[in-house]
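Let's take a look at this model together. Have the sequence and the fold side by side as you read.

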Amino acid sequence: MSSWEPTLEKAIKSIVSIKAQCVRSFDTETSGTYNATGFVVDAKAGLILSNRHVVNPAPIVAQAIFSNYEEVELQPVYRDPVHDFGFFRFDPSKLRFMQPEAIRLAPHKAKVGMEIRVVGNDAGEKLSILAGTLARLDRAAPEYGTGEYNDFNTFYLQAASGTSGGSSGSPVLDIYGDAVALNAGGSNRAASSFYLPLNRIVRALALVRDGQPVPRGTIQAEFEHLPFDELRRLGLDMSIETKMRETFSASQGMLTVRTVLPQGPADGSLRAGDIVVSVNGQPVVDFVKLEDILDNSIGSEIKIGVWRGNKAYGTRVTVQDMKKVTPNRYIEMGGGVVNDMSYQVARGYGIPVHGVYVASSGHVLGSAGAWRGSVIQSVGNIETPDLDSFAHAISNLRDGSRVPIKFFLLEQTYRQKVAIMNITMHWHALRMAMRDSLTGMWKYSDLKALAPAQDVEPQTASIGQLPPSLAPGNHVWPSVVLLDFHCPYLIDGMKETQFLGPGFIVDKDNGFIVCDRDTVPIGVGDVRITIASSIVLVGRVHFLHPAYNFAIVRYDPHLIGDTPVQNLRFHPDYLSGQRRLEQGDSVCIVAVGGDQNPVVRHTRVASRSMVSTRECLPPRFRCMNVEGIKLNDQPACQGGVLCDDDGQVMAMWTSVSSQDSSHKDTSTMTGFDVCLLRQTLSALKGADRCPDIRSLDVELWTIRLAAARALGLSSSRINQIESTCGDNPRLLYVMGMLSSETPASKILRTGDIILEKDDCLTTDVSDLGVIYGDKLVKLVVLRDGQETTLNVPTTALEGMETTRVVHWSGALVQRPYRAVQEQVRKMPSSVYVSCTLYGSPANCYGLRPGMWITEVEGRPVTTVDDFIATLESLRLDREAREHASGATDIQTARYVRLTVVNKSLVSRVLSLRVDNHYWPPWELIHDPDSLSGWKSIHHF
């Protein structure tokens, strides 16, 4: 009696675990990393069979790991346009310690009741062996979801083997070690697994082995196999059924037309529900025979005989080459990817195979809301039926322009959308990629660089008067603008890329606008400013306050001509800090509503208290050490000002961003005293420079006198505080340290109650939260029940904290910013990973956001400069070795060993495979002279 043990022992040597990175979203696929299985089908030629969704139509980088843990590079040389199979090629000479044998393909051996074994990388395990029994040979192809890759026009085999993720591409073996099917998918609701028959795979293998193309024909119609009882209900004549049963005794049904794509070869010739009787005069009842005829008739007419209702019909259809509806190119634009509409996607939604499909929206397309799954119909009033016309339309645009774009969503094909797209190409490459069918590598060619923005002629617009019922809104509204901010990269803790909110002109002569940091959160990005509801200008981020919730954006005031904008009028007493809003004060809120219309409401101050925000994940700016104002009957709005009846502003009404306990983003509307702006506005107006902002690097909170007394505060000090500070006095204490490595952190301690600053009693957080100009302050604190005098150095804070971002192997690296320093007890280095991109080596090999890089190949790196210099040195050393050895393939696998540390200060070593083809290194550097405020430098 035969045994499985020797069969499996032999087969395992030919089965590989596949580790792959899909480096770009494309067609039905999205970028990311995955594991799968494959097996050798030609050891001499180095051919490995796996699934189509493993070989992938998108650009991938893949390696195969054999059972003895030898690793070889894989080239994706063929993926079927429809069926779920494809081939990798590897170099057999790279295997030094084993010689695998090919597993023979034997589709004819599949029988119901056959005992099988599925051997592969199941659920991430390197090797699993699952047993089963073939139960069906004529199952319909599984459906994986609309818009996803789906197989069709084929039978599938079914068994209860319970395979899961990672086993895709596993061989389905019989007891003699032959493959009778290819594992493809499974059911989440049962233990059923689905296997692709090998009939068409055998044909493709013979052609790929000989280096020949695999012809695939289509008439853009999907067929399904129905049993005879259902066919009778469709009107099948009994004489036809009798003839078919006699001719094909093993068949229990016939093929019917399920769908026909509009504008395809079969449109108007075939209809859904047609029963296929013959093709080219030959009776056909199964998919294999039908596809064989189609594949051998590309460019020719075929005659199809069908039974429709109660009549027989004959029709002629020209077979199309499936390559024409299977894209092999894409365009990278503004961080997004677009490609020609594919047969796969069009079939899922029943639309013609025309148009440009958005596989990834990126920065530019995302500005118009053209997300993944959109089909672009025109750009800048130029129609885009295909990728070439799209490239032409883009080439006519100018960087910095705004153009109309027409598109529809695949989920709503009946509804066209028209939007305005911001053309900002200075952040990303503009290029086309085309697949090399021999190597599977996608080769890039740069598209024509867009012309720079034209000099904009000044535009003048009027500002309408608000009705008397909205008084005092007329005094404020000429200062209101709308800001649209888009960040191209998720750095500085960003989780979103688009932000919208109001701004207020504070210096119309120099073009300064103030807004909150929930509208402009970071310095890297594009700012569009809408003035008077009709003029749209490009601005730039000029200043980000490192502690308070405001930013300064700048525009060119000459570009708005004689538009009657006005500076925001601040109440002099509130701007100077002599007065501030208190509980019960009457105010008028003038704000911008969700529809950008004015919102005016008279109300009163409900409370005044410290602003509370949580540490965010990933770390990002949070407002702290400041008092906020809450209102009775707060209106829903995006932001505004609190003013008196004459329109003089007493406080800003802003959105404060934070997170809840589950690290979900939150925002609350809070008022802030306008005196917080005074130092910044004075510095910008006087010398166009940022103020000297300094900090004690502590988070402060209030403490009541009763609690302070319990901690040892003397009665005499309490009497002094009560006599000086009036009703309900409170003190400030150090709730936490914001950095562990600044001079102040060595002197101050958590729990210190701050009593005096520079010999003056202090209870106002604005005296301590931000310190302007003083490099050293004298503090008297209560610590452990005793008053102690401390001389505390302050730390200088920057108005543009991040000024450099480095991209390497899909990781965005920068100097740790202030919010990061707050969440770690010791800084491992100044090389911080802020973001990793999907499908990149960083994403694949475990380099995660929130890690610090401390060593590269054993060489310590402490700064970003060290990091770049070390990588460059390693590159030059490697190229010298390759030159000396005569190596010519500069894209060969190169691994770099990194030592990384997380915020818990736990270190580990990663080995990362560098890929400079798909992930070339570059860096962004802050450049005040450029249009965007940044310049890009590409390395190597």
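Here, buried means under 20% relative accessible area, exposed over 50%, and partly exposed in between (1.4 Å probe, protein chains only). This is a predicted model, where local features need pLDDT of at least 70 and side-chain atom pairs count only at pLDDT 80 or more, while totals for chains, interfaces and linings use all residues. Residues are numbered from 1 along each chain as its sequence is written, and side-chain values use heavy atoms, leaving out hydrogens and water.

Helices (H or I, at least four residues) and strands (E, at least two) are DSSP runs, numbered from the N terminus. On helix α18, His883 and Ala884 are exposed. The other side holds the buried residues: Val864, Phe867, Ile868, Thr870, Leu871, Leu874, Arg875, Arg878 and Glu882. They sit on the same side of α18 because they cover an arc of only 165° around the axis (taken from the directions from the helix axis to the C-beta atoms).

What covers those buried residues? The cover, by contact (heavy atoms within 4.5 Å), includes these strands:

| Strand | Residues |
|---|---|
| β51 | 804-808 |
| β52 | 811-814 |
| β54 | 852-856 |
| β55 | 859-860 |
| β56 | 894-901 |
| β58 | 922-926 |

Now for the barrel. It's closed, with 6 strands in the order β1-β2-β3-β6-β5-β4 and antiparallel pairing; two strands pair if DSSP finds at least two bridges between them. Strands β1 (residues 15-22) and β2 (residues 32-42) run antiparallel and are joined by 8 bridges. Lysine 19 stands opposite asparagine 35 in β2.
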